[in-house]
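Trainee: Could you take me through one part of this model in detail? I would like to look at the nonpolar core and the strands around it.

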Amino acid sequence: MLLLGMQKTFALGIDGQVEVISSLNEPLSITFPILVENEPWDESDIKISLATEEEYADAGLPYPRAIGKVSYVAEPVKNSHIKVNVFSSKPVRELTIPILLYVKWPKGEIRHDFLLFIDLPKSHFKSSPKTIK
């Protein structure tokens, strides 16, 4: 006799794009959405951390030491979505920053790798063009 059962799957994943809010010479501020499916959850269930220096080295990437301490805030947005906000303690001095983040929850974890492209401050573009004679 063959018994087939339905197994409920529990999914956690990045559900959209990373939005870089800060500009060059400002503390890092990014946000991205997480989708949690088929499981009741609370924002305290979600633990976010930057990968270790060793994990960065294993991935062949430089550790973003220049951004200082990184903090995270996870907040519910709607039904099965969480908005994650990431902040640094130091201003960003580089135009690109490799980020390896772990998102952990009671049923597992994911690692999300992305490269941030940091814009120049808007004031950089406000200067009036000079006329050359």
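Mentor: Here is a walk from the core out to two of the strands. Keep in mind that the model is predicted.

Start with the largest nonpolar core, which has 28 residues. Ile-99, Leu-101 and Leu-116 touch the most other members. The elements that give two or more residues to this core are S3, S4, S5 (70-78), S6 (81-91), S7 and S8 (108-117). S7 gives the most, with seven residues.

Now take Leu-116. Leaving out residues up to four places away in sequence, Leu-116 touches Val-18, Val-20, Leu-28, Ile-30, Leu-95, Thr-96, Ile-97 and Ile-99.

Next, strand S4, residues 47-50. Side chains in a regular strand alternate between the two faces of the sheet. In S4, Ile-48 and Leu-50 form the covered face. Lys-47 and Ser-49 form the uncovered one. S4 runs antiparallel to S7 (residues 96-105), and four bridges join the two strands. Ile-48 has Val-103 as its bridge partner in S7.

Finish with Thr-31, in strand S3 (residues 27-37). Thr-31 counts as buried because its relative accessibility is 7%, and the cut-off for buried is under 20%. The side chain of Thr-31 makes a polar contact of 3.2 Å with the side chain of Asn-85. Beyond its neighbours within four places in sequence, Thr-31 is in contact with Gln-17, Val-18, Glu-19, Ile-21, Lys-83, Val-84 and Asn-85. Val-18 is also among the residues that Leu-116 touches.

How values were computed:
Residues are numbered from 1 along each chain as its sequence is written. This is a predicted model: local features need pLDDT of at least 70, side-chain atom pairs count only at pLDDT 80 or more; totals for chains, interfaces and linings use all residues. Side-chain values use heavy atoms; hydrogens and water are left out. Buried means under 20% relative accessible area, exposed over 50%, partly exposed in between (1.4 Å probe, protein chains only). Two strands pair if DSSP finds at least two bridges between them. A polar contact is a pair of N or O atoms within 3.5 Å; within protein, one must be able to donate a hydrogen and the other to accept it, and residues adjacent in sequence count only if both atoms are side-chain atoms. Contact means heavy atoms within 4.5 Å. A nonpolar core is a set of buried Ala, Val, Leu, Ile, Met, Phe, Trp, Tyr and Cys residues joined through side-chain atoms within 4.5 Å.
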